[in-house]
Amino acid sequence: MNIIADENMPNAEALFSHLGQVTLVNGRTLTSALVKNADVLLVRSVTKVTEELLAGSAVKFVGSATIGVDHIDLPYLAKASIAFTSAPGCNAEAVADYVFSGLSHLYMTKKQSWLTKKIGIVGYGNVGKTVYQRFAGLGCDVCVYDPFKEMEQSDPNRNAIDDNVRFVGLDDVLACGVICLHAPLTASGDYPTQNMISEQALALIAPGTIIVSAGRGGIIDEPALIERHRQLNGNLHLVMDVWKGEPSINKDLLHIADIATPHIAGYSKQGREKGTLMVYQGLCQYLSKLNSGLSLDKEAVLGETFLSKGWLSHINIQNYGCFEEVLARGIQAVYDVARDDARLRFKYRENTADSTFDWLRKHYVERDEFNTCTVSTDDIKADRLFEAVSFSTDSLHDSLVNHKK
Ligand SMILES: NC(=O)C1=CN([C@@H]2O[C@H](COP(=O)(O)OP(=O)(O)OC[C@H]3O[C@@H](n4cnc5c(N)ncnc54)[C@H](O)[C@@H]3O)[C@@H](O)[C@H]2O)C=CC1
Ligand SMILES: O=C(O)C(=O)[C@H](O)COP(=O)(O)O
């Protein structure tokens, strides 16, 4: 079996090579000639998987080690009877970590307090829900705009998706002090997201608002965002991970963003590993259905061994400042988004070519998820805050041990 895999899929060779011959390629520049003789194609978000790429090839299975699938022509795959799997939720924790690192950065560098602001989330999928639960766990006032999930919730024939989540209209989210964007990029349907954060929408945003954009570039009208920033005399804080037209990025927007990163919100070490692993498990299931003699249990166990532990297993936090600062210091010890911002700005000073964006992603300095680390504080309330953003704590550990006794 010939397997073509994106070179940026961690562990691809180690996991897949017992199933066939693995060839690693640059996903951005993949051509139909390269995939012609492949049976399996494994991609990331930079490869447009279309009829043009696959027609006439031997490909029978496509796997994308990503949450988003806007780069995949799903109707074509169905029409061509090509099996498909993606990795829903693989990096939801990573994106949530990114959001809280961005907010911590704004608190520490600009004294932008967010803990007491109203929080609005667009999109209540795997990412939006994870982010929501963290804010709710911190005691924040959170609301959500997701018309599809809201419809599901009010459908009497389906189970309510969450008892406490508060769905509101987009305008209500836009009036919040912190706005987190976690919707997919869609161009059609009842609620397309392309340019959803339009000039009209941006007019509803109040001075001092923080926007975290970690869904897809293209959801925000970037020129309108720059104009709104100007109208508010710069009193609009932007944490920008995704950009319209990647790998090209809008240099004017880069200039005004508080944090600018090259689409790496999902790039925790564990999130990327889980992406490969989920695709691997999807391929094993597909092959086992074809009666290839694969034992699913054995393959699943093999896969689990590929998930890394974190580098920092334990940190002690002195309880000096206010809780927002204590939380920020713990978060920044594990992942300070400012390092990714600094790297991007430094590289763009050297070279503004589009290839810089992909270089930064390919050479990403790995980071661990908060959930790989235990925090010690001397305050039970501080412990609860760290637990809300997914750290383990000594008191959580003690209560688990006592529970088992
Ligand atoms: N920056 C990064 O590194 C990453 C970005 N992403 C992006 O984040 C998106 C969300 O991820 P998940 O939550 O895992 O996806 P998901 O598919 O689990 O959830 C997406 C949610 O968005 C909702 N939605 C769709 N159209 C909407 C609209 N017009 N307004 C409001 N909500 C709408 C859907 O109903 C769904 O609940 C992905 O599609 C992907 O594009 C995902 C992972 C990493
Ligand atoms: O999972 C998604 O969706 C993402 O946005 C990924 O983090 C994107 O990573 P690449 O596939 O572009 O490496």
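**Exercise 1.** Which residues are around ligand 2? Sort the shell into classes too.

*Solution.* Keep in mind that you're working with a predicted model.

- Step 1: Look for residues whose C-beta atom, placed from the backbone, lies within 6 Å of the ligand.
- Step 2: For ligand 2, that search gives Asn8, Arg44, Ser45, Val46, Thr66, Ile67, Gly68, Asn91, His263 and Gly266.
- Step 3: Now sort them: seven are polar, two are nonpolar and one is charged.

**Exercise 2.** Now try ligand 1: how many residues surround it, and which are the closest?

*Solution.*

- Step 1: Count the shell and you get 34 residues, with Gly68, Gly125, Phe148, Pro184 and Gly266 as the closest.
- Step 2: Check which elements give two or more residues to this shell: helix H5 (92-110), helix H6 (126-137) and helix H7 (147-154).
- Step 3: Split the shell by class, and you'll find 17 nonpolar, 13 polar and four charged residues.
- Step 4: Ask where they come from: domain 1 (2-90 + 269-301) and domain 2 (92-260) each supply at least three residues to the shell around ligand 1.

**Exercise 3.** Describe how the two domains of the protein are placed and how they touch.

*Solution.*

- Step 1: Start with the domain assignment, which gives domain 1 (2-90 + 269-301) and domain 2 (92-260).
- Step 2: Take the centres over C-alpha atoms; those of domain 1 and domain 2 are 30 Å apart.
- Step 3: Go to the contact, where domain 1 puts in six residues and domain 2 puts in eight.
- Step 4: Finish with the domain 1 side that touches domain 2: three polar residues, two nonpolar and one charged.

Key
Residues are numbered from 1 along each chain as its sequence is written. Chains are lettered from A and ligands numbered from 1 in the order in which they are written. This is a predicted model: local features need pLDDT of at least 70, side-chain atom pairs count only at pLDDT 80 or more; totals for chains, interfaces and linings use all residues. Ala, Val, Leu, Ile, Met, Phe, Trp, Tyr, Cys and Pro count as nonpolar, Asp, Glu, Lys and Arg as charged, and the others, Gly among them, as polar. Helices (H or I, at least four residues) and strands (E, at least two) are DSSP runs, numbered from the N terminus. Domain bounds come from an automatic or database domain assignment. Two residues are in contact if their C-beta atoms, placed from the backbone, lie within 7 Å.
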